[in-house]
Amino acid sequence: MTNCEQFREMYEGYALGALDAAERNAFEAHLATGCPVCAKAVEEARSVVSQLAYLAPEAAPSDMLKGRLMKTIRAEAASAKGAAPAKTVVPIWLWAGVAALLLLTAYSEWNSVQLRNEIRQTNERTAALLQQRHDLEAQLGLAKREAAIMMDPTSVKVALTAMNPQMPALEAMWHSQMGIVLTGQRVPMPNGKRVLQLWLIPKAPGGKPMPSMTVRPDADGTLMLLVANPPEVMTETKALAITEEPEGGSLQPTTALAWVGGLS
Amino acid sequence: MFLAALLSPANPEATPDAALVRRLLQKDVSAFEQLYDRHSRAVYSLVLRILKQGGTAEEVVQDVFLQLWRNAERYDESRGPFIPWLLTLARNRALDTLRLKSERQRRREEQTEQLPPVVAAPPEFEKQIDDKRRAEKVRTLMGFLSPQQRKAIELAYFEGLSHSEIAEALKEPLGTVKSWIRNGLLRLKEGLQAT
């Protein structure tokens with residue numbers, strides 16, 4: 001410390017970094033000895049020198065600089081936290097994964113139920129369509145049969161006369177193999193749910209009328225009935241008759257004959 | 001008299017710099033952002049004054065603050081306030097860049113890449129005035145120096161020139177330049193301490 005005197009004039013120059021190499025090296029060698037006087041003096045000089053920064057004209061960096069810097073800082077902070085020792089707590093991403101898995105499972109189950117419902121509904125629709133097709137085919141078959149009976153030259157025509165002169169006449173075509181087709185137009189609708197029932201009157205003396213099928217005319221009075229399997233063969237039948245019966249028909253006529261037509 | 005005019009009430013800081021720097025050790029991004037917001041203008045102004053190029057200055061400022069973020073433990077708050085330390089770091093970085101660009105000062109090229117030493121214990125003015133008032137005060141005090149003193153000091157501080165280089169640039173004797181600089185800084189110190 002006895003040689004501090006020779007460095008006293010170097011404090012400011014050293015703090016400024018303005019000393020030439022030889023002076024700086026000598027002074028630093030002295031500082032390396034741990035001289036507290038010079039060390040304190042240098043620190044004070046640096047404090048003053050640092051104030052020179054305020055001589056610079058005021059300026060502001062761009063916002064982009066802060067943006068770039070903060071992006072880097074955040075990335076490094078995240079990396080530093082990521083490199084920290086493993087924690088006992090479950091990381092947020094794992095919770096997110098579990099939540100996503102639960103959601104996926106729930107969705108899959110819901111989707112499965114939806115699919116099952118859809119399959120069931122599709123099956124039901126398919127069955128309905130098949131039934132509809134079956135019915136249509138049956139109707140088509142009946143229509144073909146009706147047409148065949150009515151067009152076949154071997155069919156026997158039976159004219160049924162109404163007992164009530166106000167009622168229209170009906171007509172039946174009977175084919176020995178394909179059955180009987182009964183038709184009529186402008187036929188009044190029976191009251192309530194009552195029906196018109198076809199009877200086969202046997203040739204045998206004392207024979208009781210053979211009950212056949214029932215029918216109701218449609219809204220415009222058209223009557224169409226196919227009896228594919230008559231209860232009696234044509235050769236054993238004397239006449240056809242129609243009565244009005246309760247819904248479902250009767251085993252024997254309960255009302256007076258409304259229409260009657262004999263086989264020639 | 002002018003010093004009296006520069007006196008200002010204390011500038012209470014909700015979050016002192018030293019506390020923010022301590023939080024940097026925990027990689028607190030918020031603390032870093034606060035420090036940046038508080039001091040980036042002063043740092044940038046200094047670096048821009050040295051480098052005179054905005055783009056290069058921003059690169060250096062970025063480097064300074066990244067060094068602060070990555071090596072916050074190098075600041076020892078027991079040895080002085082934060083902002084002189086930061087400004088010294090910024091000046092050294094800027095002068096290094098200037099030197100690399102101009103190759104004018106081989107002397108500084110021999111210096112190792114080190115963070116600046118912590119500056120002296122804080123004078124009272126450090127605690128009492130904010131950046132703007134501090135700047136006004138320093139400029140006012142510098143205004144009382146002779147033009148040669150100001151020029152020599154500025155060449156040393158902003159250009160990084162040595163005594164010899166300044167003497168050569170100003171075509172003045174080396175001893176005269178040394179006296180200008182030393183006496184000018186001592187007068188500045190006295191002015192700062194007087195407030």
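## Strand β6 of chain A

Strand β6 of chain A, spanning residues 223-227, is largely enclosed by the rest of the structure, because four of its five residues are buried. The model described here is a predicted one.

Strand β3 of chain A, formed by residues 179-184, pairs with β6(A) in the antiparallel sense, and five bridges link the two strands. One of the residue pairings can be named: A:Gly184 has A:Leu223 of β6(A) as its bridge partner.

## A:Arg24 in helix α2

Helix α2 of chain A covers residues 21-31 and contains A:Arg24. Is A:Arg24 buried or exposed? The relative accessible area of A:Arg24 is 8%, and the residue therefore counts as buried, since the cut-off for that class is under 20%.

With respect to A:Gly13, A:Arg24 lies 11 residues away in sequence, while the C-alpha to C-alpha separation of the two residues is 9.1 Å.

## Chain B: secondary structure

Chain B comprises 11 helices and zero strands. Followed along the sequence, the elements of chain B give the pattern α-α-α-α-α-α-α-α-α-α-α.

## Chain B: burial, contacts and surface

Of the 195 residues in chain B, 53% are buried. When contacts within chain B are restricted to residues at least 6 apart in sequence, 68% of these contacts join residues at least 24 apart.

The exposed area of chain B amounts to about 9100 Å². Carbon and sulfur atoms account for 49% of that area.

Key
Residues numbered from 1 in each chain as written. Chains lettered and ligands numbered in written order. Predicted model: local features only at pLDDT ≥ 70, side-chain atom pairs only at ≥ 80, totals over all residues. Heavy atoms only, no water. Buried < 20%, exposed > 50% of the residue type's maximum accessible area, 1.4 Å probe, protein only. Pairing = 2+ DSSP bridges. Contact = heavy atoms within 4.5 Å. Areas by Shrake-Rupley, 256 points an atom, 1.4 Å probe, with all protein chains shown as cover.
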